[in-house]
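Subject: A structure for you to explore

Hello,

I am passing on a structure for you to look at, together with some notes on what turned up in it. Please open it in your viewer and keep it beside you while you read.

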Amino acid sequence: MIITAKQAGKEKKAANATLNAYLLDPVSVAPKRLRPAVIICPGGGYEHLSDRESEPIAMQFLSMGCHAFVLRYSIAPDSFPYPQMELAYAVSLVRSHAAKWLVDPEKIIVCGFSAGGHLACSLGAFWNQKFLYGPLELTPENIKPDGMILAYPVITSGPFCHKGSFLNLLGADAEDETLRRLVSLEHQVGSHTPPVFLWHTSTDDAVPVKNSYLLAEALTENGVSVEMHIYPTGCHGLSLANSEVSGDDGRCIVPQCQNWISLAKTWLEHL
């Protein structure tokens with residue numbers, strides 16, 4: 001499935017998004033069973049998209065009994081709010097096909113890694129904002145995610161920011177203080193934000209763990225349900241933290257972090 005910039009409410013030839021669907025067939029004993037849908041946003045600093053955080057993640061969610069979707073969203077030089085509009089449109093697309101695809105329309109989850117975590121969390125913060133749903137000719141309810149799974153997410157544009165992500169996301173407006181605060185998500189989440197599953201490592205040397213702490217504090221202050229796991233060791237971009245997503249150097253094999261996906265499964269089951 002292809003989401004074009006025109007469909008996302010913007011006329012810009014360079015902006016395109018691809019939504020790859022991984023749909024489970026119904027089982028004979030429960031042919032009408034509705035399943036959660038997880039829309040995956042890989043990381044890459046809004047500069048590229050990581051294949052390590054794409055299909056391998058989708059396969060894990062399939063094994064949990066979820067339908068999975070991988071969104072290949074617009075990156076630099078396309079800037080805010082193009083990626084956010086594309087994710088919003090993707091949620092609305094999945095929701096509008098819920099009956100056909102046997103998706104539970106009240107369990108459409110966005111899952112993001114690093115800058116993809118920023119993208120996923122942006123939708124959780126902005127789904128009720130007209131600048132996002134208006135150009136799409138949709139309603140807030142069309143684009144609202146029902147939960148967010150965020151892995152070592154980029155959150156803040158403040159002192160603990162990942163500078164490259166915001167340079168790529170904002171482009172020529174990267175020094176605009178009003179816009180920088182708008183995309184600094186610890187200031188934008190509120191009681192309207194859906195429940196969150198969040199994990200990070202203390203030794204992340206690219207996106208400081210403070211990003212997750214700031215987000216968790218803001219969510220808690222606003223009464224939003226959040227489950228957070230901080231692991232003691234591990235580099236940035238671990239994905240599944242196993243051999244499937246690690247190079248020959250084994251740098252991304254971190255056994256302590258591998259259980260995040262099973263913890264996310266339990267969280268999903270009780271959402």
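Below is a short tour, one region at a time.

Before you start, please keep in mind that this is a predicted model.

**A strand in the middle of things**

Let us begin with strand 3, which covers residues 35–41. Is this strand mostly covered or mostly open? It is mostly covered, since 7 of its 7 residues are buried.

Strand 3 has two partners to look for. It runs parallel to strand 5 (residues 103–113), and 6 bridges join the two. To find the spot on screen, pick Ile39, whose bridge partner in strand 5 is Val110. Strand 3 also runs parallel to strand 4, this time with 4 bridges. Here you can pick Ile40, which has Val70 as its bridge partner in strand 4. As a reminder for when you look at these neighbours, side chains in a regular strand alternate between the two faces of the sheet.

Now follow the chain onward from strand 3. Together with helix 1 (residues 55–63) and strand 4, strand 3 makes a right-handed β-α-β unit.

**Helix 1**

The buried residues of helix 1 are Pro56, Ile57, Ala58, Phe61 and Leu62. What covers them? The cover includes strands 2, 3, 4, 5 and 6, as well as helix 10. Just after helix 1 comes Gly65, with a positive phi of about 90 degrees.

**Two nonpolar cores**

In soluble globular proteins, nonpolar side chains tend to be buried together. In this model, the largest nonpolar core has 57 residues, and those with the most contacts inside it are Ile39, Leu71, Val94 and Leu123. Helix 2 gives the largest share of this core, 8 residues. There is also a second, separate core of 33 residues, and Phe61, Cys111, Ala151 and Val254 are among its members.

**Helix 4**

Next, please find helix 4, residues 115–126. How far apart are its end C-alpha atoms? They are 16 Å apart, which agrees with the span of 16 Å that its 12 residues should have at 1.5 Å a residue. In addition, 12 of the 12 residues of helix 4 are buried, so the helix is largely enclosed by the rest of the structure. Among these buried residues are Gly116, His118, Cys121 and Phe126.

**Cysteines**

How many disulfides does the model have? With two cysteine sulfurs needing to lie within 2.5 Å to count, the total comes to 0 disulfides. Cys121 is a clear case: the closest cysteine sulfur, in Cys41, is 11 Å from its own, which is too far for a bond. Cys121 counts as buried because its relative accessibility is 0%, and the cut-off for buried is under 20%.

Cys252 is in no disulfide either, and its nearest cysteine sulfur, that of Cys235, is 4.0 Å away. Cys252 is buried too, with a relative accessible area of 11%.

**Backbone details in the loops**

The loop between strand 4 (67–72) and helix 2 (82–96) holds Pro77, and Pro81 is found there as well. The peptide bond from Ala76 to Pro77 is cis, with omega near 15 degrees. The bond from Phe80 to Pro81 is also cis, and its omega is near 5 degrees.

Two other residues have a positive phi without being glycine. One is Tyr152, where phi is near 35 degrees. Tyr152 sits in the loop between strand 6 (147–151) and helix 7 (163–170), and it counts as buried at 2% relative accessibility. The other is Ser239, with a phi of about 60 degrees. You will find Ser239 in the loop between strand 8 (226–231) and helix 10 (260–269), where it is buried with a relative accessible area of 0%.

**A last stop at Leu170**

Leu170 belongs to helix 7 and is buried, with a relative accessible area of 3%. Which residues does it touch? Leaving aside neighbours within four places in sequence, Leu170 is in contact with Ser79, Phe80, Leu179, Arg180 and Val183. Phe80 is the residue you met at the cis bond to Pro81. For a sense of distance, Leu170 and Leu24 are 146 residues apart in sequence and 37 Å apart in space, C-alpha to C-alpha.

Enjoy exploring, and best wishes!

How values were computed: Residues are numbered from 1 along each chain as its sequence is written. This is a predicted model: local features need pLDDT of at least 70, side-chain atom pairs count only at pLDDT 80 or more; totals for chains, interfaces and linings use all residues. Side-chain values use heavy atoms; hydrogens and water are left out. The expected span of a helix is 1.5 Å times one less than its number of residues. Buried means under 20% relative accessible area, exposed over 50%, partly exposed in between (1.4 Å probe, protein chains only). A nonpolar core is a set of buried Ala, Val, Leu, Ile, Met, Phe, Trp, Tyr and Cys residues joined through side-chain atoms within 4.5 Å. Two strands pair if DSSP finds at least two bridges between them. A crossover is right-handed if, with the strands pointing away from the viewer, the path from the first strand over the helix to the second runs clockwise. Contact means heavy atoms within 4.5 Å.
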